[in-house]
Structure formats: C-alpha cells, structure tokens
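Q: Got a minute to go through this one with me? I'd like to talk domains, then a sheet.
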Amino acid sequence: MSDRINAPFLRNAWYQAAWSDELKDGMLARTIMNEPLLFFRDAHGKIGCVEDRCCHRGAPLSHGKVVENGLQCGYHGLVFDVNGKCVEIPGQDSIPPMAKVKAHPVVERQEFVWVWMGDPALADEAKIVDWPYHDNPKKYPHRKAMMPIKVNYMMMVDNLMDLTHLGYVHTKTIGGNPKIHVEAKMQAERTETGARLIRWLLDVAPPPTYVRAVGFTGKIDRWMDFEYVIPGSVKQWTGALNVGMGAVENREQEGFHLHLFHGITPETETTTHYFWSAANGYRQDDPQATDALYNEIHPTFLEDVVIMEAQQQRLSADPERPLVPIKADYALTHARRAFQKALDEERARMPTAAE
Amino acid sequence: MSDRINAPFLRNAWYQAAWSDELKDGMLARTIMNEPLLFFRDAHGKIGCVEDRCCHRGAPLSHGKVVENGLQCGYHGLVFDVNGKCVEIPGQDSIPPMAKVKAHPVVERQEFVWVWMGDPALADEAKIVDWPYHDNPKKYPHRKAMMPIKVNYMMMVDNLMDLTHLGYVHTKTIGGNPKIHVEAKMQAERTETGARLIRWLLDVAPPPTYVRAVGFTGKIDRWMDFEYVIPGSVKQWTGALNVGMGAVENREQEGFHLHLFHGITPETETTTHYFWSAANGYRQDDPQATDALYNEIHPTFLEDVVIMEAQQQRLSADPERPLVPIKADYALTHARRAFQKALDEERARMPTAAE
Amino acid sequence: MSDRINAPFLRNAWYQAAWSDELKDGMLARTIMNEPLLFFRDAHGKIGCVEDRCCHRGAPLSHGKVVENGLQCGYHGLVFDVNGKCVEIPGQDSIPPMAKVKAHPVVERQEFVWVWMGDPALADEAKIVDWPYHDNPKKYPHRKAMMPIKVNYMMMVDNLMDLTHLGYVHTKTIGGNPKIHVEAKMQAERTETGARLIRWLLDVAPPPTYVRAVGFTGKIDRWMDFEYVIPGSVKQWTGALNVGMGAVENREQEGFHLHLFHGITPETETTTHYFWSAANGYRQDDPQATDALYNEIHPTFLEDVVIMEAQQQRLSADPERPLVPIKADYALTHARRAFQKALDEERARMPTAAE
C-alpha cells in the first residue's frame with residue numbers, strides 16, 4: 001500500500017550510485033539495498049560494480065587494489081574483472097567457473113554513476129534519467145554533494161514533493177512566511193514516469209535572494225517545479241521572470257533559473273544516499289554565484305535531515321501504525337501511488353521475489 | 001512473582017515525570033514506559049503531556065514550539081492543545097476528529113510533575129504522594145537532582161530498601177564500618193501503600209558529618225526511616241537526637257533531620273529516571289549547609305549507580321535465573337511483595353492487558 | 001561441517017585464559033565462551049576462576065576485592081573461595097548450600113593461565129600444551145602480548161595455517177614478493193593433536209632482517225613450521241641455517257631461531273582473545289634484540305586484525321553462504337578438519353549438549 005512508510009526496494013530500475021568524481025581514486029565502497037558494493041575503475045578506465053566480498057574467503061574487495069588485469073583481493077591476491085569474473089588465482093593455473101563475484105550493470109553518464117540492482121537482462125540504458133544541465137558547464141555551472149540520511153528512501157521523496165514544510169522546517173533559511181507556502185496556487189499530477197508538482201506565485205515581490213542573484217527591480221512571477229521520476233530521481237526547476245514576460249506560457253527566457261537534481265538511493269530500509277546537484281542558470285560568468293548558491297542550499301537540506309531522521313525514529317518504532325493525512329499531502333500522495341504501482345508491477349512479474 | 005528482576009510496568013499509578021523547574025523553558029521530552037512523551041507548558045501556564053509524535057507524519061513534536069494556541073509541530077505546522085486535540089491544520093479549514101495525539105493526565109504540585117500512564121478514568125489526584133517539605137522552603141531548604149540509571153526501576157527500590165550495602169558500596173562516602181550497618185536493630189513491615197524499614201542506632205557516638213552539621217557533643221540516638229510507596233516513591237527520614245530526649249517516642253524535636261524524597265520512574269524495562277530531593281532540616285539559615293548536604297549525597301548515589309548498572313547487565317543476560325536470598329533482604333522483600341500485589345490486582349482488573 | 005565459518009565452542013579442552021602477569025593485581029575479569037569470568041589470586045597465592053556474578057543479587061564480583069578468606073562481593077559483602085564456595089554472609093551465621101558461584105578448573109604454568117570450560121571431571125592437566133621456551137628466559141628471552149580481535153576463533157587458526165596471505169596482507173611489514181610465498185615448497189599433514197604445516201625455502205638469499213639478526217653472510221636454508229594443537233594453540237618455529245649445515249635433517253643448530261606461541265581463545269562466537277609470545281632464540285644476550293623482534297611482529301599482526309575483522313563482517317552477514325576454496329587453502333583445511341573431528345566427538349559423547 002502507498003501508506004507503508006518504510007517502502008521496500010524497487011529492484012528493476014536505475015539508481016544513482018555515485019557522482020563520477022567520487023571514483024577518481026579508483027575505488028568506492030558503498031552499500032545499496034543492503035548489499036555492500038565496490039565500484040572501481042579498471043586500468044583501462046572502465047567502471048565495474050561488484051559485490052564487496054571475495055568469493056574465496058569473504059574478505060571485502062575494498063581492502064584490495066586495482067592492478068593491471070583487474071581488482072586484486074587484499075587477502076590472498078585473487079583478481080577479478082569489471083564483470084566479476086576471476087582472472088587470476090595465485091598458486092594455481094586453472095580457474096574454476098564458480099570463482100566469480102556478483103556484478104551489477106553500471107553506466108557512467110553526465111557526471112553520474114548509475115547502477116541497476118535488478119535483473120541484468122532488463123537493464124535498458126535508455127531509461128536512465130537525462131540531466132542535460134551537466135552537459136554544458138559553461139551555460140549551467142553547478143556544484144554537487146552527497147548526504148547520508150537515516151531515513152527510508154521514499155521519505156526523502158515525500159519531503160521533496162511537499163512544500164508545506166518550508167515555512168516550518170526552513171525557518172532559518174529559505175522558509176519565509178508559512179502562509180505564503182500553504183496558500184500558493186499548487187498543481188499536482190501523475191506523469192508517465194512518476195508525478196509532478198508545480199506551484200506558482202504570480203505578481204509578487206521578489207525575495208531578497210532573487211534580487212541579489214539577478215537584480216530584479218519590480219514584481220515577478222515565480223515557480224517551483226518538481227518532477228518525480230520513479231524510483232529515486234526528482235528534477236527541480238525553480239525560477240522567476242519579470243511580470244509581463246508571460247512566464248506561465250514560456251519559462252525559457254532570461255531571469256532567475258535554478259536546476260536542482262535530487263538522486264535518492266536506498267542504502268538500507270532506513271538509510272539513504274541523497275545526492276544533489278545545483279546548477280546556476282542565471283549568473284554563469286561569476287564562479288562565486290555558483291558557490292553562493294551551494295552555500296545557501298546546503299544548510300537548508302541539513303534542516304530537512306534533522307527533522308526527517310527524528311521522524312523516521314518515531315515511524316520505525318511502529319511502522320504499521322496509521323498516519324492522519326492532511327490536504328497538503330496531495331502531491332506526495334501522487335508520487336507514492338506512482339511508486340507503488342511500479343512496485344506492484346515488479347512483484348507481479350516476479351511473484352516469488354521475497355523482499 | 002516477586003522474584004522477577006525486571007519488573008513489568010504498573011500502569012495505574014502516579015509517577016514522577018519531572019521536577020517543575022525542568023519545564024521552565026516550555027518543553028521537556030522524556031520517555032516513560034517506552035513511550036516518548038513531550039511535557040509542555042502552554043501560553044496560559046497549563047502543563048500538558050502528549051505523545052512525542054505528530055499524528056500527521058510521525059515527526060517528534062519536541063522539534064516544534066509552543067505558540068499562542070498550543071504546541072506547533074515543527075514539520076508541517078499542526079497545533080495541538082494540552083489535551084492532545086488538534087486545533088489547527090495549515091491549509092485546511094476543518095479538522096477531522098482523528099487528528100489528535102495521545103495525552104496523559106498530568107499534575108504539577110509541590111515542585112513535582114506527576115504523570116498517570118494508565119486508564120485516565122482512574123487517575124485520582126488524591127493518591128499523589130504528599131511531600132510537605134517542599135511547601136516551606138524556609139523551614140526545609142532543599143536541592144534536587146535527576147539521574148538517569150540503566151536499571152529496571154524496581155532495582156532502585158530494592159537498593160533503597162536495603163541498608164546492608166552501605167558498608168560495601170559506599171566505602172568512599174557514608175559507608176563506615178560494615179558491621180554497624182549489618183548488626184543494627186532493624187524493623188521492616190508492610191504498610192497500606194507499600195512497605196517501611198526503620199533502623200535504630202541507640203546511644204552511639206555521632207558520626208563526624210553529624211557533628212559538623214549540628215554540633216553534637218555527646219552520644220546520640222540515630223534512625224534511618226525509609227517508607228516505600230507503590231510503585232516508585234521512597235520517603236526517607238534520617239535523623240538523630242541527643243540521648244535522653246526520647247527519640248524513639250518522639251522524633252519531632254530539635255536535632256539532625258534530613259528528609260530525602262526518591263522518585264523512581266521507568267523509562268524502559270531496564271532504564272530508570274531517578275529523581276531525588278534533599279531537605280536540610282537542621283541548619284536552615286545557612287545556604288551552604290544545603291549545598292554541602294547535596295554535595296555529600298550526590299557522589300554517594302553515583303556509587304550506587306556504578307554497582308547497580310553492572311548488576312543489571314548480569315541479570316539481563318538471563319533474567320529468569322534464580323537468585324539466592326539472604327537474611328538481610330527482608331525489607332526489600334516486603335517492598336517487592338507489596339508491589340507485586342498491586343501489579344496482580346491491576347492485571348486482575350484488566351485480564352487481557354499485555355505487558 | 002568443517003566449512004562452517006563461525007565455529008561453535010569446543011568445551012572439553014584447555015584454553016589460554018591469560019598471561020600470569022595479567023593477574024599480578026589480584027583480579028582479572030574476562031569473558032570466555034560468552035561467560036563473564038573473574039580470575040583472582042587469593043591471599044594465599046592460589047588462582048581461582050569463578051563466574052563474574054554473585055549468586056545473591058547478580059552483581060559482578062569484579063566490583064569486589066580479595067580479602068583474607070577469599071573474594072568479597074562489592075555489593076553486600078558475601079565472600080567466596082577459589083572453588084566458588086561461599087564462606088561468609090554478612091548478617092547471618094549459617095551458609096546455605098546453594099550459596100555458591102560457578103567455578104572452572106584453572107592451571108597456572110609456564111607463564112600461562114589455562115582454563116577448562118567443559119566438564120571438570122575430564123580436566124586432565126597432562127593435556128595442557130607444553131611451551132618450554134618460557135622455562136628458560138636466559139636461553140629464550142621473550143615478550144608477550146594479548147590482542148582482542150573481532151573474529152570467530154577458528155578464523156585466527158585459518159589465518160595462521162595459511163601462508164599465501166603474507167605477500168598481500170603484510171606488504172608493509174614481512175610480506176616481500178608474493179610469488180615467493182605462493183611457490184615455496186609446502187607440506188601439510190594431520191597430527192594426533194591437530195595439524196602441521198612446514199614450508200622450506202632452500203638455498204636462498206637471507207632476508208635483510210635475518211642478516212641484521214644473526215649476521216648471515218651467504219645463502220641459507222629457511223623454514224616456517226606451524227603446529228596447530230586443537231582447539232586454540234599454534235606453535236610456530238621460524239628459522240634458518242647456513243646452507244650446507246643440513247637444516248632439513250637437524251634444525252637444532254646455531255642460526256636464526258624464532259619460537260612463537262599463539263593462544264586463541266573464544267570470547268564470543270565472533271570475538272577472540274589472541275595471545276602471543278615471541279622468544280628470541282638467536283641473540284639472547286642483547287635485550288634490545290627481543291624488543292626489536294616484538295616491535296617487528298606487533299604491527300604485522302595488526303595488519304591481520306584489519307583484514308580479518310573486515311572479513312568477519314562479511315561472513316557474519318550470511319554465515320551459511322558457501323565459499324570457493326583454492327589450492328592454497330590445504331593446510332587450513334587440515335586444521336579445520338582436525339578441529340571438526342574433535343567437535344564431533346565431543347558432541348557424540350554429550351548428545352544433548354546444546355550450543
């Protein structure tokens with residue numbers, strides 16, 4: 001049911017596993033869906049994702065190192081390639097077929113490392129979320145982060161598809177007057193790949209941060225646009241144009257434009273890797289503008305972490321206990337239902353799959 | 001059985017939840033009987049005790065704040081009154097009846113905050129323990145504390161109703177010669193509300209601390225009087241008069257008088273909130289006397305904490321394993337039996353109540 | 001099966017409990033096979049091993065002290081002798097027969113304290129491992145240590161009976177070229193009390209540390225000799241003689257001789273007390289030589305700790321999951337089989353013994 005707080009894992013989907021530059025040193029150990037994984041770049045630049053456990057004696061491969069022909073275990077020297085196949089066993093000539101470690105499909109694209117945790121035969125790269133703002137760093141200078149959060153991954157989706165909390169949680173940062181957020185015109189809908197939430201504030205005074213960012217002198221039309229893509233991506237476009245430019249009809253004009261990507265990947269049932277990238281789409285020639293943007297967003301998200309981790313503790317104490325919905329929940333309800341439909345479909349295809 | 005080490009919770013009873021002055025900042029989060037609670041003083045000075053979990057999305061209410069009409073959740077702004085009733089939901093006009101949080105009867109009296117964790121219909125304020133020494137701070141200047149202890153709450157009662165340990169545990173503080181404590185005349189009995197233990201040391205030399213406190217020059221008659229009130233209160237009166245004044249017949253004469261209240265409240269099965277208040281009934285005009293008393297008692301109780309927490313670890317490893325009673329246990333056995341009778345009665349009234 | 005990673009406890013055997021000098025202060029608390037134990041030396045110099053839990057109220061006896069007639073509990077003063085018998089109860093004259101704490105046979109010999117955790121009737125001191133190198137500190141100056149390791153105890157045996165890992169784990173210390181260790185002539189066999197592994201390197205250049213130790217000028221014959229004695233002892237003899245002295249036929253000649261004892265005792269299923277003693281059998285008149293030896297071995301063993309604890313975490317996540325054996329495992333397989341045979345025999349004798 002969509003009411004289940006600690007959502008199970010949807011397996012047949014691409015999840016963000018890392019930012020590419022986290023792998024610059026050759027290896028990255030990270031647990032996804034309770035499975036300890038090792039991402040590594042081999043001597044030829046190709047990325048592999050293998051279980052972080054040697055098939056021989058169980059030692060974590062993350063204690064090893066990348067060598068010429070692959071990844072060498074740090075205990076007894078077995079070597080594995082990016083597909084998990086053992087290619088060398090010290091002290092013996094033949095390699096038995098069972099000498100291999102589990103591997104997952106992995107794709108490096110647009111500064112992301114994506115991993116597929118389900119059936120490899122279903123891993124279709126065409127389904128990977130597109131984030132064109134990383135393709136042109138001159139037009140969209142950006143800065144990225146990864147935050148570990150102790151909540152179920154769908155709690156993070158809930159939080160992003162909910163704007164009511166801004167006035168209560170973000171009192172020290174972007175919150176402003178709670179009433180503005182609660183009463184603003186809001187629209188939520190299901191999409192083919194998830195759900196979408198748009199909120200418009202028309203003909204309003206620009207907030208001080210917008211004025212500082214792009215120098216608005218009069219009133220503006222503002223929007224906050226969140227598109228949820230199942231299971232763990234949220235594409236956010238926050239922006240504003242001068243009143244009279246026709247923002248509702250055409251937002252692609254000069255003004256204030258912020259493109260935020262949110263990557264949400266389950267580490268365990270109650271912990272999540274939260275990736276985000278913030279692209280400065282308004283003062284591209286000023287490197288300090290991108291840093292200033294990052295420095296404004298980071299503490300805001302830390303406020304979310306505090307309240308959500310506390311919330312998760314209460315919910316985990318009795319996950320089946322009912323909650324009382326309010327009207328402001330409707331966008332997150334759309335997102336949860338879209339997710340649940342995908343989960344039901346996955347389970348229908350694999351009726352015996354145990355969580 | 002009275003032998004069960006980790007005593008279950010007796011629900012229909014008043015427990016000390018806090019000292020009043022712990023609530024001076026408006027809110028106090030404290031877990032009692034495994035239930036995370038929030039105590040708060042509303043804008044009109046009235047105290048409420050609600051479950052520390054918003055009915056909407058489960059966020060702890062302790063992350064919110066007190067506003068004009070009650071307690072406001074820090075996630076989405078719902079407001080609750082001292083009875084747990086929701087009085088405001090941002091973004092909607094009507095409040096559904098299920099929008100409420102659990103609340104417990106709570107009474108503020110004589111510097112205590114008392115809470116009733118059982119059936120509210122049975123919460124009779126007349127049954128709250130009286131501690132008149134807080135009513136007259138001039139006659140009984142006092143100082144209070146709260147210590148968290150990692151033991152089952154009845155272990156703390158056991159420890160207070162047992163004087164044999166003084167000579168072994170409190171070697172660095174009040175212990176003195178073990179034989180004195182073991183061989184002293186002791187009397188224990190059941191009372192209507194619990195059990196009582198009185199020990200007399202007649203015609204003995206005063207200990208140095210008593211001499212320093214009130215200037216005894218000759219021999220004295222000393223007593224230690226502990227009254228256990230089910231489930232979690234112990235009223236202690238320790239004192240001494242000059243020999244010949246007839247202490248046994250009438251203790252209410254000038255001499256050394258120390259009134260100690262012990263409040264013992266289960267946080268979980270194996271952790272306890274231990275409150276105590278020490279009233280200086282002998283040198284009331286000297287503020288340093290009250291501080292000196294406090295500073296003598298505090299390290300003594302820390303010695304109890306060390307041995308009891310170690311004891312609890314062993315007992316929790318196998319709670320059903322039998323213990324070997326000794327003669328010196330008889331007062332604590334009275335207290336345990338009185339408690340068990342109350343527990344049996346509560347369970348007989350609510351035969352389906354599961355612990 | 002010998003493949004079971006987290007080996008159960010073999011009870012009817014002597015295990016090293018401590019080094020004698022750990023007990024110089026009178027008491028040592030240590031958990032063995034999940035049982036919290038207290039080792040103490042009474043006023044007459046005799047060592048006892050009792051459960052670290054008073055029979056009266058469960059307090060750990062390690063909070064007490066040694067008095068004239070035994071070990072006194074620090075809570076209520078009961079006194080126990082080295083056999084666990086209660087010899088004094090404050091406040092009463094007679095001591096009931098049930099007033100006693102569990103005791104285990106214990107033997108102090110050759111600087112070791114050995115304990116027997118099984119049926120006391122089977123405790124035969126003749127079966128204690130002999131380590132004569134402690135009898136003559138002039139001929140074999142030595143230094144000892146105890147390392148706590150978070151692995152099942154048989155994992156430590158596996159590690160000692162496996163030389164392949166030297167070139168991968170000990171890269172910063174004794175490792176050298178991995179190929180040397182993998183390709184060296186190796187011999188493994190079962191013995192009456194366990195298993196043995198000998199590796200010879202004949203007619204090779206001496207490693208720098210050997211040259212520094214004894215001044216080899218030409219080529220040498222080297223050996224590494226590991227004898228596993230069920231359940232938790234490994235006797236290591238590492239040495240070298242000048243080529244031509246006939247090392248294979250008679251190693252007892254002047255050269256490089258290092259005698260290492262490894263004592264491996266289960267604290268819990270997944271934590272181990274690892275004792276070791278290193279005897280300098282080559283430059284006995286130089287105290288710095290013994291310290292230098294110790295200082296070379298200690299960081300080497302810490303390298304083992306790091307990889308093994310990481311390995312244990314992976315294995316504990318799914319202890320029944322199969323491993324893929326390689327040829328280099330054959331000596332540890334001998335040791336595991338010898339252990340398993342002893343375990344099977346113990347269980348056949350006590351068919352109802354539950355682990």
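A: Here is a quick run through the domains and one sheet of this predicted model.

Q: Where do the domain bounds fall in chain A?
A: Domain 1 of chain A covers 14–126, and domain 2 covers 129–349.

Q: What separates their centres?
A: 33 Å, taken over C-alpha atoms, between domain 1 and domain 2 of chain A.

Q: How many residues are in contact across the two domains of chain A?
A: Ten residues of domain 1 touch twelve residues of domain 2 in chain A.

Q: Which elements give two or more residues to the domain 1 side of chain A?
A: Two strands of chain A do: E1 (14–19) and E2 (27–32).

Q: Which element gives the largest share there?
A: E1(A), with four residues on the side of domain 1 that touches domain 2.

Q: And how do the residues on that side divide: nonpolar, polar, charged?
A: On the domain 1 side, five are nonpolar, four are polar and one is charged.

Q: Switching to the sheet. What is the strand order in the four-stranded one?
A: E5-E6-E7-E8 in chain A, as an open sheet with antiparallel pairing.

Q: Which strands are at the edges?
A: Strand E5 (65–67) and strand E8 (86–88) of chain A. Each of these pairs on one side only.

Q: What holds strands of a sheet together, in general?
A: Strands pair through backbone hydrogen bonds, in a parallel or antiparallel way.

Q: Back to E8(A). How many bridges does E7 of chain A make with E8(A)?
A: Two, in the antiparallel sense; E7 of chain A spans residues 79–80.

Q: Which residue in E8(A) is the bridge partner of A:Phe80?
A: A:Cys86.

Conventions. Residues numbered from 1 in each chain as written. Chains lettered and ligands numbered in written order. Predicted model: local features only at pLDDT ≥ 70, side-chain atom pairs only at ≥ 80, totals over all residues. Pairing = 2+ DSSP bridges. Domains from an automatic or database assignment. Contact = placed C-beta atoms within 7 Å. Nonpolar A, V, L, I, M, F, W, Y, C, P; charged D, E, K, R; others polar.
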